[in-house]
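Me: Could you walk me through the labels people put on a fold, and show me how each one is earned? I'd like the cut-offs along with the values.

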Amino acid sequence: LINLMQLWAEAFKKAYPNVNIQIEAKGSSTAPPALMEGTAQLGPMSRKMKDSELEAVEKKHGFKPTAIGVALDSLAVYVHKDSPVEALSLTQVDGIFSSTRKMGGTNIATWGQVGVGGAWQNLPISLYGRNSASGTYGYFKKVALSKGDFKNSVKEQPGSAAVVNGITSDRSGVGYSGIGYITSGVKAVGISTQEGGTGFVPSYENVLSGKYPLGRMLYVYVLKKPNEPLPPVVTQFLTYVLSKKGQEVVVKDGYLPLTAGLADKQKKLLE
């Protein structure tokens with residue numbers, strides 16, 4: 001969410017030049033403690049808070065934080081632009097990235113094991129991923145690996161752009177990050193929920209319909225006391241984010257905008 005938050009902040013400060021917005025991007029897991037301790041008013045997260053995080057905030061403040069959905073994302077599985085791989089099943093993705101393989105598949109270490117022939121057949125698969133503080137890491141672990149463990153051979157990167165850059169310079173590379181980070185050096189493969197099933201690409205339509213299995217909501221968490229309004233500046237900022245102009249920024253940054261209906265639902269949470 002770092003790029004989106006910066007773009008939203010820049011646009012908001014043009015309308016309200018006296019507002020000071022400071023942004024830190026250290027991974028989703030740093031948002032709950034920052035909210036809890038009062039060092040942040042907004043907690044951007046690319047995953048939902050865990051029960052333990054919600055409970056910690058509630059213990060400190062007496063109420064749970066409120067999750068405001070601000071954009072849609074499809075978590076893409078990327079390969080090098082020259083790779084012949086067009087689609088993978090979730091079981092294959094698990095076999096590629098996980099040491100525990102809770103999806104029930106086999107260990108996959110070479111591209112030939114996913115049906116690629118020729119010069120690619122015996123090529124070892126090179127893995128790229130995020131560090132454990134990342135919400136993207138947590139979401140991928142939960143959904144794609146069925147809460148299993150990553151292989152030790154995954155090259156953990158400090159940011160999503162670094163994942164894509166790594167694959168761009170590594171023909172045998174595969175990794176995961178938000179669709180907003182796609183470049184001409186990589187391609188996003190289709191993902192199917194079953195072996196031999198149709199692989200759906202991470203498009204807006206497929207995320208909205210639920211056909212793409214790695215679609216997700218991106219959130220900004222706030223501490224909103226029950227039956228009390230948020231501070232006016234926070235309300236105004238989030239109202240802008242959920243407005244047509246704010247959602248145009250989402251599209252500009254390569255992510256997927258909320259539908260009008262979804263945006264209205266989020267606005268009601270601010271009341």
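What follows is a run of questions and replies about this structure.

Reply: Ground rules before we start: this is a predicted model, where local features need pLDDT of at least 70, side-chain atom pairs count only at pLDDT 80 or more, and totals for chains, interfaces and linings use all residues. Residues are numbered from 1 along each chain as its sequence is written, and side-chain values use heavy atoms, with hydrogens and water left out.

Me: Fine. How many helices and strands does the protein have, and what counts as one?

Reply: There are 10 helices and nine strands. Both are DSSP runs numbered from the N terminus: H or I over at least four residues for a helix, E over at least two for a strand.

Me: How do you know whether the radius of gyration agrees with a compact globule?

Reply: Take the C-alpha atoms and use the globule rule, 2.2 Å times the number of residues to the power 0.38. For 271 residues the rule gives a value near 18 Å, and the protein has 19 Å, so the two agree. Along the principal axes, the C-alpha atoms fill a box of roughly 60 × 35 × 30 Å.

Me: What share of the residues counts as buried, and what does the word require?

Reply: The share is 48% of the 271 residues. Buried means under 20% relative accessible area, exposed means over 50%, and partly exposed lies in between, with a 1.4 Å probe and protein chains only.

Me: And what share of the contacts links residues 24 or more positions apart?

Reply: Counting contacts with a separation of 6 or more, 73% join residues 24 or more positions apart. Contact here means heavy atoms within 4.5 Å.

Me: On to the helix pairs. Why is α1 called oblique to α9?

Reply: The axes of α1 (residues 2-15) and α9 (residues 244-252) come within 10 Å and cross at roughly 140°. Under 35 degrees would be roughly parallel, over 145 roughly antiparallel, and 65 to 115 roughly perpendicular, with the rest oblique. The crossing of roughly 140° therefore makes α1 oblique to α9. The axes are lines fitted to C-alpha atoms, for helices over the stretch in contact, and angles run from 0 to 180 degrees between N-to-C directions.

Me: Which residues make that contact, and what classes do they fall into?

Reply: From α1 come L4, L7 and W8, and from α9 come G246, V249 and V250. They split into five nonpolar, one polar and no charged. The nonpolar set is Ala, Val, Leu, Ile, Met, Phe, Trp, Tyr, Cys and Pro; Asp, Glu, Lys and Arg are charged, and the others, Gly among them, are polar.

Me: What makes α1 and α8 roughly perpendicular?

Reply: The axes of α1 and α8 (residues 232-241) come within 10 Å and cross at roughly 110°. That value falls in the perpendicular band, so the two helices are called roughly perpendicular to each other. The contact uses M5, W8, A9, A11 and F12 of α1 with V233, Q236, F237, Y240 and V241 of α8. By class, that is nine nonpolar, one polar and no charged residues.

Me: How do you know whether T136 is buried or exposed?

Reply: T136, in α5 (residues 135-143), has a relative accessible area of 5%, so T136 is buried. Leaving out residues up to four places away in sequence, T136 touches S46, L75, R130, Y176, S177 and R216.

Me: Is S28 buried or exposed, and what does S28 touch?

Reply: S28 sits in the loop between α1 and α2 (31-37). Relative accessibility is 6%, so S28 counts as buried. Beyond neighbours within four places, S28 is in contact with P44, M45, S46, R47, A133, S134 and G135. S28 and M45 are 17 residues apart in sequence but 4.7 Å apart in space, C-alpha to C-alpha.

Me: What makes the phi of K147 worth a look, and which accessibility label does K147 get?

Reply: Most residues other than glycine have a negative phi. K147, in the loop between α5 and β5 (155-157), has a positive phi near 70°. With a relative accessible area of 56%, K147 is exposed.

Me: And why is R101 called partly exposed?

Reply: R101 has 28% relative accessibility, so R101 counts as partly exposed. R101 lies in the loop between α4 (90-97) and β4 (126-130), and phi of R101 is also positive, near 50°.
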